[in-house]
Amino acid sequence: TAAAAGSSSDGENARAAAELARRIAAEVARRRNFAIISHPDAGKTTMTEKLLLYGGAIHEAGEVKARANARSATSDFMALEKQRGISISSTAMTWQYQGSCLNLLDTPGHQDFSEDTYRTLAAADNAVLLVDGAKGIEPQTRKLFAVARLRGLPVFTFVNKMDRPALNGFEIIEQLEKEFGLQSYPVTWPIGSGDRFCGVYHRPSNKVLLYAKAGRGKAAASAQYELGDPALAGIIEADLREQLMEEVELLQILGDEPSAEEIASGAVTPMYFGSAFNNFGVDLFLQSFISLAVPPRPAKAKGNPAVLAALEPSEESSSSSNGSSSGSKAAGSTSIEGTVSPESTHFSGLVFKLQANMDPKHRDKVAFVRVVSGKFDKGMKVKVARTGRVVSLSRPQQMFAQSRATVQEGFAGDVIGLTNPGAFAIGDTIYAGPELSFPPIPSFSPELFAYLRCAPNQKKAFAKGVEGLLGEGAVQVLYSTDEYITDPILAAVGQLQFEVVQYRMKDECVFVLLFRCVFVLLFRCVFVLLFRCVFVLLFRCVFVLLFRNEFAFNQVIAEQGEKLGELSAFALPPDS
Ligand code: G4P
């Protein structure tokens, strides 16, 4: 009976494991994780809003901006954000669309630009390049694209603001090719621009979708016609129709539909045209995006050979057979390099960002973790690879704009905020089960430098503050080789990083200083009082010891004197 019970529980466990594996695989397959890269004012916020509207994550346009402006009601973790009306933190937004789960990692633009922007991009699986139709490729786009390229991300290009006078589509294709060596495959093609913007030609369906202004509301329902439909003659002006037919022919000459591999490797960018503000072309983009974008991919990791072999046996064996370092066991080493499948049943995650003061009342720090493999469960216990510390993830949160919600579960590609002071650092690997660690997040070449100085009597608090900011990755700290220059040199990729450091040093170090002052004052008072008491006591003891004979003598004299006084009072006759 015991054997039968044992085998039935084994069977149940196997069934539960198979069910978990099936669920993880299904969840990973429907996840699309992406970041929008653009120059400020290209329309990223507007585009984000429209994307969220389609998923029902927000109910009216303007909500993202409104939330950003009303941050005090939700998070207001930094007054600096409110002062400048910017989003310093790169937050993640999750919503559902046609059965897919979309994770948008927000990357702040230009003046808000910082190393965090790069790191966030490092946690994305796909990049959406948002281009202002009139301006084409702009400086900030170049920087961000370089990071996307470094990571081999698939890139999707959306040319925005077609309702304003814009460059010709071929000019933008040429810019992409010249600047980034990126081949384009237009999925939609614009018909005119500015006042003459009539709509887009949708290549997969061979249909023309007519432009209708939607303003800030929901999607505009646009009329659709076959490309050769004679009815178009009465709708689109003759010269524009002629131009469209020529351009469609040219597009066919330019290239066939790219393969999924060409898109996934980032060699070819699917291209879309529209107007985010007028909610035109966004739905076409989104439908195409969910079918072409890649789900979370396997991640490079280092770990116990048995563990990685179990997670990714084919890669390990193939790599070790060709003798490369990846997947091969170093002589005498206890770990190998390989890849972790997002569909593995073992949970692992990467801390890619730390944000302090999300809630100023608690002065907390939130660690943003990207789930890399397995299933995340609220309350689960994980190990931090760097320290070996076991941490219970009891309060996982998901951010939406700046508001938070408790997360119950998560899968590869999801971003989860963890509040756990001191437990995490940027680049930390956390895992449950088999031991593994991900390679460190690369640090990016700083472009701006500044000295950070403080008053001489505050050096200790200052050093502590600098150390804390360094640990959080808020800024890089360098020291001069000149021994006479002891002030740290701050190195950053964006001006904002300096402002954040200054603000945080002032805001947080004031508390440290105040605390120190009060502590020192109290300590001194107690010390002085104690010292005085002990000193007086000792002094008295010594004094008494030294002069005890004299005391006794004086005492005797005093007593004798009193007695004599009494005697004299009784013995002597009154007249003497
Ligand atoms: P960003 O986050 O990339 O900085 O850009 P954002 O969405 O804030 O857009 C910058 C400006 O461009 C906004 O105008 C926005 O309305 C406008 N815009 C965005 N998409 C389109 C579009 O498709 N067509 C046109 N014509 N304009 C667009 P603003 O005047 O700065 O702000 P607001 O008063 O409109 O909010």
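The following exercises, each with a worked solution, concern a predicted model.

Residues are numbered from 1 along each chain as its sequence is written. Because the model is predicted, local features need pLDDT of at least 70 and side-chain atom pairs count only at pLDDT 80 or more, while totals for chains, interfaces and linings use all residues.

**Exercise 1. The chain as a whole**

Task: State how many helices and strands the protein chain has, and what share of its residues is buried.

Solution. Step 1: helices (H or I, at least four residues) and strands (E, at least two) are DSSP runs, numbered from the N terminus. The protein chain has 16 helices and 27 strands.

Step 2: a residue is buried if 20 or more other C-beta atoms lie within 10 Å of its own, exposed if 12 or fewer, and partly exposed in between, with C-beta atoms placed from the backbone. Of the 576 residues in the protein chain, 40% are buried.

Step 3: two residues are in contact if their C-beta atoms, placed from the backbone, lie within 7 Å. Among contacts between residues at least 6 apart in sequence, 70% join residues at least 24 apart.

**Exercise 2. The ligand shell**

Task: Describe which residues come nearest to the ligand and how its shell divides by class.

Solution. Step 1: a residue is near a molecule or strand if its C-beta atom, placed from the backbone, lies within 6 Å of it. There are 17 residues around the ligand, and Gly43, Lys44, Thr45, Thr46 and Phe277 come nearest.

Step 2: helix α2 (residues 44-55) supplies the largest share of the shell, three residues.

Step 3: Ala, Val, Leu, Ile, Met, Phe, Trp, Tyr, Cys and Pro count as nonpolar, Asp, Glu, Lys and Arg as charged, and the others, Gly among them, as polar. On this basis the shell holds eight polar, five charged and four nonpolar residues.

**Exercise 3. The seven-stranded sheet**

Task: Give the strand order of the open sheet of seven strands and examine the surroundings of β3.

Solution. Step 1: two strands pair if DSSP finds at least two bridges between them. The order is β2-β3-β1-β4-β5-β11-β6, with mixed pairing. The edge strands, β2 and β6 (183-186), each pair on one side only. Axes are lines fitted to C-alpha atoms, for helices over the stretch in contact, and angles run from 0 to 180 degrees between N-to-C directions; the twist averages 30° from one strand to the next.

Step 2: strand β5 (residues 155-160) and strand β11 (residues 268-273) run parallel and are joined by three bridges. Thr157 has Met271 as its bridge partner in β11.

Step 3: helix α7 (residues 139-150) packs on the sheet, where it touches β1, β4 (126-132) and β5, and its direction makes about 145° with that of β1. Helix α11 (residues 282-292) also packs on the sheet, touching β1, β2, β3, β5 and β11, with a direction at about 160° to that of β11.

Step 4: strand β3 (residues 100-105) has five of its six residues buried, so it is largely enclosed by the rest of the structure. Strand β1 (residues 31-38) pairs with β3 in the parallel sense over five bridges, and Asn33 stands opposite Asn103 in β3. Strand β2 (residues 92-97) runs antiparallel to β3 and is joined to it by six bridges. In the hairpin of β2 and β3, two residues lie between the strands, and Gln98 takes a positive phi near 45°.

**Exercise 4. Leu436 and the three-stranded sheet**

Task: Explain why Leu436 is classed as buried, and locate its strand in a sheet.

Solution. Step 1: Leu436 is buried because 25 other C-beta atoms lie within 10 Å. Leu436 belongs to strand β24 (residues 436-437).

Step 2: an open sheet of three strands has the order β13-β12-β24, with antiparallel pairing. Its edge strands are β13 (336-340) and β24, each pairing on one side only.

Step 3: five bridges join β13 to strand β12 (residues 299-303), and Lys302 stands opposite Glu337 in β13.

Step 4: Leu436 and Ala301 are 135 residues apart along the chain, yet their C-alpha atoms are separated by 6.5 Å.

**Exercise 5. Alternation in β27**

Task: Determine which side chains of strand β27 (residues 489-492) point to the buried face.

Solution. Step 1: in a regular strand the side chains alternate between the two faces of the sheet.

Step 2: Leu490 and Ala492 point to one face and are buried, whereas Ile489 and Ala491 point to the other and are not.

Step 3: Leu490 in β27 stands opposite Ala450 and also opposite Val477.
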